[in-house]
Amino acid sequence: MALWRGSAYAGFLALAVGCVFLLEPELPGSALRSLWSSLRLGPAPAALGPASPESRLAAAWDALIVQPARRWRRVAVGVNACVDVVLSGVRLLQALGLRPGPGRDHAVLHSRNDLEEAFVHFMGRGAAAERFFSDKEAFQDIAQVASALPAAQHYVGGNAALIGQKFAANTDLKVLLCGPVGPKLHDLLDDNVFVPPESLQEVDEFHLILEYQAGEEWGQLKAPHANRFIFSHDLSNGAMNALEVFVSSLEEFQPDLVVLSGLHMMEGQSTELQRRRLLEVVTSISDIPTGVPVHLELASMTNRELMSSIVHQVLPAVASLGLNEQELLFLSQSASGPHSSLSSWNGVPDVGVVSDILFWILKEHGRSESRASDLTRIHFHTLVYHILATVDGHWANQLAAVAAGARVAATQACATETIDASRVSLRAPQEFVTSRLEVGSRIVLNPREPVVAWHREGVSFHFTPVLVCKDPVRTVGLGDAISAEGLFYSEVHPRS
């Protein structure tokens, strides 16, 4: 018995000293070694250096991310859904017999040559983009080549389906998905996602996702960041054919959160159809019961008239908005917002510029005493940082929400359950100002306190860096996962 007790005491002491090593790695090494040797526990372990900024930041996120007091129970998501065929963009273009030339953006793709030029344009910038391919037969030929490549993989696609799939990972949530769901997509969806029979169709809509890695080269072209170029000939999603089914399903499903996406798919449609469908979208949203927030997820667009219509007609009807840096700048350009003279971002989007545009959206198109608008929240995401901007008094738990969105960006890109600090890097600006139009605060980033908050005339901003995956497994759907995770941890205040 005495021997057992002695061993137990030694074990407890070893555990205690081990905790000291882990929790206070910056204590003088001589003091720790002296403590260890005085307890006669054997050779002292190797000295532990200070934790990396990445591991400190990940640990800080875990401490900050807490469940909201009031959680969603039923989430309805619509209306774009498809099957993503994911493969190397360079390998597909090589298989098509194409060679890299001068890059050039095309609002709509009409040929293989247009595809090559647009892909080169965006790969050279490391930027995401999505385009409509007008020629049905040419697209089908390209899709056949893509699907035949050995490395091609099939996944759930479409913003609505991806957001619904992410929500469905929380088994206590009931998720409704309305969109054009074919047999392949139905097989890929989580069992927790309910699809109304009216949304089922005999043939899937396919989108081709051309990925490229950071530093990947094609001829003289070299990608500065990992990203993807998406294109399709998708008429069901383009006409938003699932909108009516989505609206009619809400009354029976009775969601407490509605997520809408797919407006960008209308770019391939006529101006008259775009106007008519936007009017129907706004009318449909107005029929949703008061107190049920609607989140709008944007995606890559090139049609300024369509974007301007969305800003002036749709934004006032929704409570929340999700978008990335390309969509944010294009929105400001289309609606004559601040910094709209910028033609594109030069590297990492300036935090002060982003903050100015977010502030302008909420002040000019968000809720106020003098404006009948529901918009009170914007979740912005770019590769190296995220910002959550909210009108004061309408949302809670946003510190946890922005941290959760950034955390899932790291884990999903690296395909890991938790953050592996050795596989990610902290690339966010270490110092920045909160505005370029006013005298903003100067912020110095601290990995131990990774969420920084500031306020500006009734709008609160929560900023957090992203731990960027060094060798991403998959980049498609990151924005949708970020928005879904941010919404999952968000809490909306009941409307008075």
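A salt bridge here is a side-chain nitrogen of Lys or Arg within 4 Å of a carboxyl oxygen of Asp or Glu. By that rule, the count in this structure, which is a predicted model, comes to 13 salt bridges. Let us visit some of them and then move on to the sheet, the cores and the aromatic rings.

Start with D256 and R73, whose side chains meet in a salt bridge with 3.5 Å from N to O. D256 sits in the loop between helix 10 (243–253) and strand 12 (257–261), while R73 sits in the loop between helix 3 (53–64) and strand 1 (74–78), so this pair ties together parts that are 183 residues apart in sequence. The two ends have their own surroundings: D256 is buried, with a relative accessible area of 14%, whereas R73 is exposed at 52%.

Next comes the pair of E305 and R275, with the closest N and O atoms 3.2 Å apart. E305 belongs to helix 12 (residues 304–314) and R275 to helix 11 (residues 271–286), so parts 30 residues apart in sequence are tied together. Here E305 is partly exposed, with 43% relative accessibility, and R275 is partly exposed too, with 49%.

Strands can be joined in this way as well. E431 and R442 form a salt bridge of 3.3 Å, N to O. Since E431 lies in strand 19 (residues 431–433) and R442 in strand 20 (residues 442–444), the pair ties together parts that are 11 residues apart in sequence. Elsewhere, E244, R276, R277 and E280 are linked in a network of salt bridges.

Now look for the open sheet of 6 strands, which has mixed pairing and the order 3-4-11-8-2-5. Strand 3 (108–109) and strand 5 (153–157) are at its edges with a single partner strand each, so one side of each has no neighbour in the sheet. Strand 5 runs antiparallel to strand 2 (residues 82–88), and 5 bridges join the two; in one of these contacts, V83 has V156 of strand 5 as its bridge partner. Helix 6 (residues 136–148) lies across strands 2, 4, 5, 8 and 11, running at about 55° to strand 8.

What about the nonpolar interior? The largest nonpolar core has 120 residues, and F167, L296 and I387 touch the most other members. Helix 15 (residues 398–414) supplies the largest share of this core, 10 residues. Leaving aside residues up to four places away in sequence, I387 touches a list of residues including V351, V402, W454 and F461. There is also a second, separate core of 30 residues, with L109, A118, L210 and Y212 among them.

Finally, turn to the aromatic rings, which form 14 aromatic pairs. F119 and F229 are edge-to-face, 6.4 Å centre to centre and with 90° between the planes. F119 comes from helix 5 (residues 112–123) and F229 from strand 11, so the pair ties together parts that are 110 residues apart in sequence. Both rings belong to buried residues: the relative accessible area is 0% for F119 and 1% for F229. By contrast, W454 and F461 form a stacked pair, 5.4 Å centre to centre and with 10° between the planes, and both of these residues are buried. F119 and F229 also take part in one aromatic cluster together with F122, F133, F139, Y212, W218 and F231.

Key. Residues numbered from 1 in each chain as written. Predicted model: local features only at pLDDT ≥ 70, side-chain atom pairs only at ≥ 80, totals over all residues. Heavy atoms only, no water. Pairing = 2+ DSSP bridges. Helix = DSSP H or I, 4+ residues; strand = E, 2+ residues; numbered from the N terminus. Contact = heavy atoms within 4.5 Å. Axes fitted to C-alpha atoms, helices over the stretch in contact; angles between N-to-C directions. Core = buried A, V, L, I, M, F, W, Y, C linked by side-chain atoms within 4.5 Å. Buried < 20%, exposed > 50% of the residue type's maximum accessible area, 1.4 Å probe, protein only. Phe/Tyr/Trp six-rings, centres within 6.5 Å; stacked < 30°, edge-to-face > 60°.
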